[in-house]
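This walkthrough starts at the ligand, moves out to the overall fold, and ends with two points of backbone geometry. Please keep the model open while reading.

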Amino acid sequence: MRKDFLPFARPCFSQAEIEAAAEVIRSGHLTTGPKVTEFEERFCEYLGEGFHAAALNSCTAGLFLGLLSQGIGPHDEVVVPTWTFVATAHVVLWTGARPVLCDVEESSLNIDVRALEKSIGKKTKAIIPVHFAGYPCAMNEICRIAKKHKLAVIEDAAHACGTAYKGKKIGGFGDLTAFSFYATKNLACGEGGMVVSRNRKTIEKIRKLSYFGINKRAFDRYTQKGSWYYEIEELGYKYNMDSIHAAIGLVQLAKLEEMNLRRREIAGMYRRGLDKRIRFTEDSQENFHNYHLFLIRIDKEIIPRDEFVGKLKERNIGCSVHFIPLHRHPFYKKISKKKFPVADKAYGEAVSIPLFPGMSDQDVEYVIDNVNQVLKGGG
Ligand SMILES: Cc1ncc(COP(=O)(O)O)c(C=O)c1O
């Protein structure tokens, strides 16, 4: 048995990230500034042509300000999948609107398009599709439904840096898209997020809301060109990204493709080597799955999920569960009384096993051997 613990995720950092952060510290300009602008510009270039971006301190902030930018507020409803992290639904409540939970597809655990259409009512104003684990939602169908019902689409791309849908990177299908750079994400800054849109005015609005509603870029007032004077034009928040995180993000962005390809390589080893009774979530030729997470499903009759997680822990392998569906949390039980059979079944079976670019082939083989042994009752 290996001596050290293999976590389910670990950021892929090198000396370059450390140097980039140190350079900012040495420069004396720590808060929002030219490094953040550079990160926004590089991120837009990475996605393709015609994008605008605002770097923020989280994806959650991006989703929240994204909803506000689309005029979502009290008396409105927003459809969100139940299979997601709580951020996706809490942001709806923060605006005063009501999240309407929706079941997911069996194959991908992304929002089920038929269930989505059934969830739309007179008060519905927006949809938040979540590209779960880094596999894209059915964006053509979702955008068609949104157009028909005049709904905003705010994509939760917390898992989807580099994910592509039918050959195009996630970022420009809906009205806007929020990415996460949280510590365990495939582009990691510690904390951080980026909201992108093809609409310049949307991003300008979000940028202003992200810094108290001030009428110009915050850092201007610290430069020789800037002035101390500013005006508050509306009720804004404090969600701006600082230069240290942006500098780390720039290094991570430059190696994102390489990191995603290694993720896919590991996923391929898992798909080939794991016990044939294990089921995987969908992948396909036409989409680019970045494998931010690698989720496996095991029938309860073979081994109960919690027992499986415990046995892997004894073997120094870390696992996680993505996600506890929202409708199973005490707080959301009060909000939604609907049934979610697909999410409930998946919840009893789902485990995320280690996948990060720094895993060696030996690490991957160790996981495969141990998962297979546990399934054969050798635990
Ligand atoms: C699906 C999903 N949405 C949103 C978030 C929130 O991201 P952040 O921590 O950057 O606010 C997460 C974070 O784990 C997530 O998994």
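In this predicted model, a backbone N or O atom of cysteine 59 lies 3.0 Å from an oxygen atom of the ligand. Two side chains also make polar contacts with the ligand. At aspartate 156, a polar side-chain atom is placed 2.7 Å from a ligand nitrogen atom. At histidine 159, the partner is an oxygen atom of the ligand, and the distance from the polar side-chain atom is 2.8 Å. On its own the ligand has 390 Å² of accessible area, and the protein covers 92% of that.

The surroundings of the ligand can be described further. The ligand sits in the largest pocket. There are 16 residues around the ligand, and those that come nearest are Thr60, Asp156, His159, Ser180 and Lys185. By residue class, the shell holds seven nonpolar, seven polar and two charged residues. Two helices, α3 (59-69) and α4 (87-94), each supply at least two residues of this shell.

Next comes the protein as a whole. The protein contains 13 helices and 12 strands. Its radius of gyration is 21 Å, close to the 21 Å that the globule rule gives for 379 residues, so the protein is as compact as a globular protein of that length. Measuring along the principal axes, the C-alpha trace of the protein spans about 70 × 55 × 35 Å.

Two places in the backbone remain. Most peptide bonds are trans, and most residues other than glycine have a negative phi. Against the first tendency, histidine 322 and phenylalanine 323 are joined by a cis peptide bond, with omega at about 10°. Phenylalanine 323 belongs to the loop between α10 (305-314) and α11 (330-333). Against the second, leucine 109 has a positive phi, near 65°, although this residue is not glycine. Leucine 109 also lies in a loop, here the one between β3 (98-102) and α5 (113-119).

How values were computed:
Residues are numbered from 1 along each chain as its sequence is written. This is a predicted model: local features need pLDDT of at least 70, side-chain atom pairs count only at pLDDT 80 or more; totals for chains, interfaces and linings use all residues. Side-chain values use heavy atoms; hydrogens and water are left out. A residue is near a molecule or strand if one of its heavy atoms lies within 4 Å of it. A polar contact is a pair of N or O atoms within 3.5 Å; within protein, one must be able to donate a hydrogen and the other to accept it, and residues adjacent in sequence count only if both atoms are side-chain atoms. Accessible areas come from the Shrake-Rupley method with a 1.4 Å probe; for residues, only the protein chains shown count as cover. On a 1 Å grid over the protein atoms alone, a cavity is a set of points where a 1.4 Å probe fits but cannot get out, and a pocket is an open set with protein on both sides within 12 Å along at least five of seven lines; lining residues have an atom within 4 Å of a point. A molecule sits in a cavity or pocket if more than half of its atoms lie within 2 Å of its grid points. Helices (H or I, at least four residues) and strands (E, at least two) are DSSP runs, numbered from the N terminus. Ala, Val, Leu, Ile, Met, Phe, Trp, Tyr, Cys and Pro count as nonpolar, Asp, Glu, Lys and Arg as charged, and the others, Gly among them, as polar. The radius of gyration is taken over C-alpha atoms; the globule rule is 2.2 Å times the number of residues to the power 0.38.
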